[in-house]
Amino acid sequence: METWSEWKQAVLKTAKKAYREKLMAGTSGNMSVFIPEKEYMIITPSSYDYEIMEEKDIVVTDLEGNVIEGCHRPSSEWRMHAKIYKSLPHVRAIVHTHSPYATSFAVNHQEIPVVLIEMIPFLKGKLEVSAYAEQGSAQVGLNAVEILQRKNACLMANHGVVAVGESIESAYINSVYVEDTARIYHMAITSGKPVVIPGYEE
């Protein structure tokens with residue numbers, strides 16, 4: 001039997017870190033890494049407390065949701081992860097959060113323009129909003145792919161944030177910059193009129 005300890009530990013560490021940083025609440029949010037040689041995902045379990053989550057709780061599945069290794073069901077958003085991996089070969093990890101400032105803009109279906117220099121290298125420009133789809137459906141991922149083929153993250157309408165990367169570490173950092181951007185932009189629009197960085201007005 002294959003052993004996946006290194007990848008499981010990376011997913012577990014990132015999930016606990018995101019929870020501590022309040023990028024999600026309760027058992028919301030999920031994250032995964034992709035092993036292209038096997039076409040397997042190593043993903044957080046469904047509806048499981050992050051505070052007590054251990055390496056053994058992380059699930060290995062194929063892209064059809066079949067459990068290869070693990071004692072739990074994979075995240076209810078596994079279809080979103082699978083759709084992104086199938087559609088975007090450069091993506092090796094996904095971090096999905098419900099971080100509050102960013103999600104508030106997702107609820108409003110409101111884009112965030114390029115107001116911070118970090119948005120350019122980390123997020124590849126403005127934060128766009130993908131169309132709403134029923135949570136847990138493959139359509140959630142398909143809608144996000146339209147943006148993620150150009151960007152490293154997007155807001156999902158009435159849902160949250162999905163960030164991608166070549167590693168779980170880079171996907172996590174991108175998700176952090178999404179929330180930081182949203183928090184600063186929220187403060188800016190409540191205290192004045194934000195100015196978009198020249199050249200990124202559209």
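In this predicted model, Lys22 adopts a positive phi of about 65° just after helix H1. The helix that precedes Lys22 runs over residues 5-20, and at 1.5 Å a residue its 16 residues should span 22 Å, which agrees with the 22 Å that separate its end C-alpha atoms. Within H1 the buried residues are Lys8, Val11, Leu12, Thr14, Ala15 and Ala18, and because they cover an arc of only 165° around the axis, they lie on the same side of H1. An α-helix has 3.6 residues a turn, so residues three or four places apart point the same way. The face of H1 turned away from the buried side carries Glu6, Lys13 and Arg20, which are exposed. As for the partners of the buried side, its residues pack against the strands E1 (30-35), E2, E3 (59-62), E4 (67-69) and E5 (93-97), and also against helix H6 (168-191).

Several of these strands belong to an open sheet of eight strands, ordered E4-E3-E2-E1-E5-E8-E7-E6 and mixed in its pairing. E4 and E6 (129-130) stand at the edges with a single partner strand each, so one side of each is left without a neighbour in the sheet. Strands of a sheet pair through backbone hydrogen bonds, either parallel or antiparallel. For E3 and E4 the arrangement is antiparallel, with two bridges joining them, and Val60 stands opposite Glu69 in E4.

Strand E3 also holds Thr61, which counts as buried at 0% relative accessibility. Setting aside residues up to four places away in sequence, Thr61 touches Glu39, Tyr40, Met41, Ile43, Asn66, Val67, Ile68 and Pro74. By contrast, Pro198 lies 45 Å from Thr61, C-alpha to C-alpha, with their positions 137 residues apart in sequence.

Tyr40, one of the residues that Thr61 touches, leads on to the aromatic side chains, among which a search of the whole structure finds six pairs. In one of them, Trp4 and Trp7 have ring centres 6.1 Å apart and planes at 50°, so the pair is tilted. Trp4 is buried, with a relative accessible area of 5%, whereas Trp7, at 35%, is partly exposed. Ring pairs link these two tryptophans and Tyr40 into a cluster.

The interior can next be followed through its nonpolar cores. The largest nonpolar core has 23 residues, of which Ile84, Leu148 and Val162 touch the most other members. At least two residues of this core come from each of strand E2 (40-43), helix H2 (78-87), helix H5 (138-148), strand E7 (153-156) and strand E8 (160-165). Leaving aside neighbours within four places in sequence, the contacts of Ile84 are Val91, Ile94, Gly141, Val145, Leu148, Val162 and Val164. A second core, separate from this one, consists of 22 residues and includes Leu23, Met24, Val33 and Val60.

Helix H3 (residues 100-107) also has a buried side, for Ala102, Thr103, Phe105 and Ala106 are buried, and their arc of only 155° around the axis puts them on the same side of H3. These buried residues of H3 pack against E7, E8 and H6. Just after H3, His109 takes a positive phi of about 55°.

Conventions:
Residues are numbered from 1 along each chain as its sequence is written. This is a predicted model: local features need pLDDT of at least 70, side-chain atom pairs count only at pLDDT 80 or more; totals for chains, interfaces and linings use all residues. Side-chain values use heavy atoms; hydrogens and water are left out. A nonpolar core is a set of buried Ala, Val, Leu, Ile, Met, Phe, Trp, Tyr and Cys residues joined through side-chain atoms within 4.5 Å. Buried means under 20% relative accessible area, exposed over 50%, partly exposed in between (1.4 Å probe, protein chains only). Helices (H or I, at least four residues) and strands (E, at least two) are DSSP runs, numbered from the N terminus. Contact means heavy atoms within 4.5 Å. Rings of Phe, Tyr and Trp (its six-membered ring) pair if their centres lie within 6.5 Å; planes under 30 degrees apart count as stacked, over 60 as edge-to-face and the rest as tilted. The expected span of a helix is 1.5 Å times one less than its number of residues. The arc is that of the directions from the helix axis to the C-beta atoms. Two strands pair if DSSP finds at least two bridges between them.
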